[in-house]
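Here are a few exercises to work through with the model open in your viewer. Try each task before you read its solution.

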Amino acid sequence: MMLARESLEKIDREIAKYPEGRKQSAVMEALAVAQDEKGFLSDEMIEFVAGLLGMAPISVREVVSFYAMYKHEAASSGKTRLTLCRSLPCRLSGADEIAETLKEKLGIDFGETTPDGRMTLVEGECMGACGDAPVALIDDKRMCCRLTREGVDALLREIG
Ligand code: FES
């Protein structure tokens, strides 16, 4: 699922404020909720929101690029892209701690790139490796399993 249940419920509540058949009117609120959760709006998220509201993705993309408050895919610019799984099984295995450690060591939040342009930190969804949780993906290719707080330094040295 692209968004947490709480976010989807918030979006549903926004949709419910508009008359039947006018759910597209909730597009700005829906994007704000998605960005609140993820820190930025990826192309996939734009498509997901478009699907929720029965809109063409291009129309949603136009909204995103028109308003400065939306951050569109801020996360693809670093040399290395580190995506940490933030789905429940990984979180139950310590992904939150890993997230805090990564943010602290890199000095950036999810959706951001280090000032030297070396590393971009991204929040990801289940990567189908829950048995090896917590899991991260490097450059959308290489999977790192059973991450530990202590292992974060070594991992950053290796991929940085
Ligand atoms: S929840 Fe992280 S890989 Fe499945």
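**Exercise 1: a bridge in the sheet**

Which residue in E3 is the bridge partner of Thr80?

Solution. A heads-up before we start: this is a predicted model.
- Begin with the two strands: E1 covers residues 80-85 and E3 covers residues 119-124.
- They pair in the parallel sense, with six bridges between them.
- Now look up Thr80: its bridge partner in E3 is Met119.

**Exercise 2: the rest of the sheet**

Work out the strand order, and explain which strands stand at the edges.

Solution.
- The sheet is open and holds five strands, ordered E2-E3-E1-E4-E5, with mixed pairing.
- Strand E2 (112-113) and strand E5 (142-144) each have a single partner strand, so each has one side without a neighbour in the sheet. Those two are the edges.
- Next, add a helix to the picture: H6, residues 95-106, lies across E1 and E3. Relative to E1, H6 runs at about 155°.

**Exercise 3: the whole chain**

List the elements from the N terminus on, then decide how the chain compares with a globular protein of its length.

Solution.
- Count first: there are seven helices and five strands.
- In order from the N terminus, they read α-α-α-α-β-α-α-β-β-β-β-α.
- The radius of gyration is 17 Å, and the globule rule gives 15 Å for 160 residues; the two are close, so the chain is as compact as a globular protein of that length.
- For the dimensions, the C-alpha trace spans about 55 × 35 × 25 Å along its principal axes.
- Buried residues account for 29% of the 160.
- Take the contacts between residues at least 6 apart in sequence: 62% of these join residues at least 24 apart.

**Exercise 4: two domains**

Where do the domains lie along the chain, and how many Å separate their centres?

Solution.
- Domain 1 takes in residues 5-66, and domain 2 takes in 75-159.
- Over C-alpha atoms, their centres are 26 Å apart.

**Exercise 5: a lysine in a loop**

Is Lys23 buried or exposed?

Solution.
- Locate Lys23 first: it sits in the loop between helix H1 (5-16) and helix H2 (27-38).
- Count C-beta neighbours inside 10 Å: Lys23 has 20. The cut-off for buried is 20 or more, so Lys23 counts as buried.
- Skip the neighbours within four places in sequence, and Lys23 is in contact with Ile15, Tyr18, Leu53 and Gly54.
- Finally, try a longer distance: Lys23 and Val152 are 129 residues apart along the chain, and their C-alpha atoms are separated by 43 Å.

Conventions: Residues are numbered from 1 along each chain as its sequence is written. This is a predicted model: local features need pLDDT of at least 70, side-chain atom pairs count only at pLDDT 80 or more; totals for chains, interfaces and linings use all residues. Helices (H or I, at least four residues) and strands (E, at least two) are DSSP runs, numbered from the N terminus. The radius of gyration is taken over C-alpha atoms; the globule rule is 2.2 Å times the number of residues to the power 0.38. A residue is buried if 20 or more other C-beta atoms lie within 10 Å of its own, exposed if 12 or fewer, and partly exposed in between; C-beta atoms are placed from the backbone. Two residues are in contact if their C-beta atoms, placed from the backbone, lie within 7 Å. Two strands pair if DSSP finds at least two bridges between them. Axes are lines fitted to C-alpha atoms, for helices over the stretch in contact, and angles run from 0 to 180 degrees between N-to-C directions. Domain bounds come from an automatic or database domain assignment.
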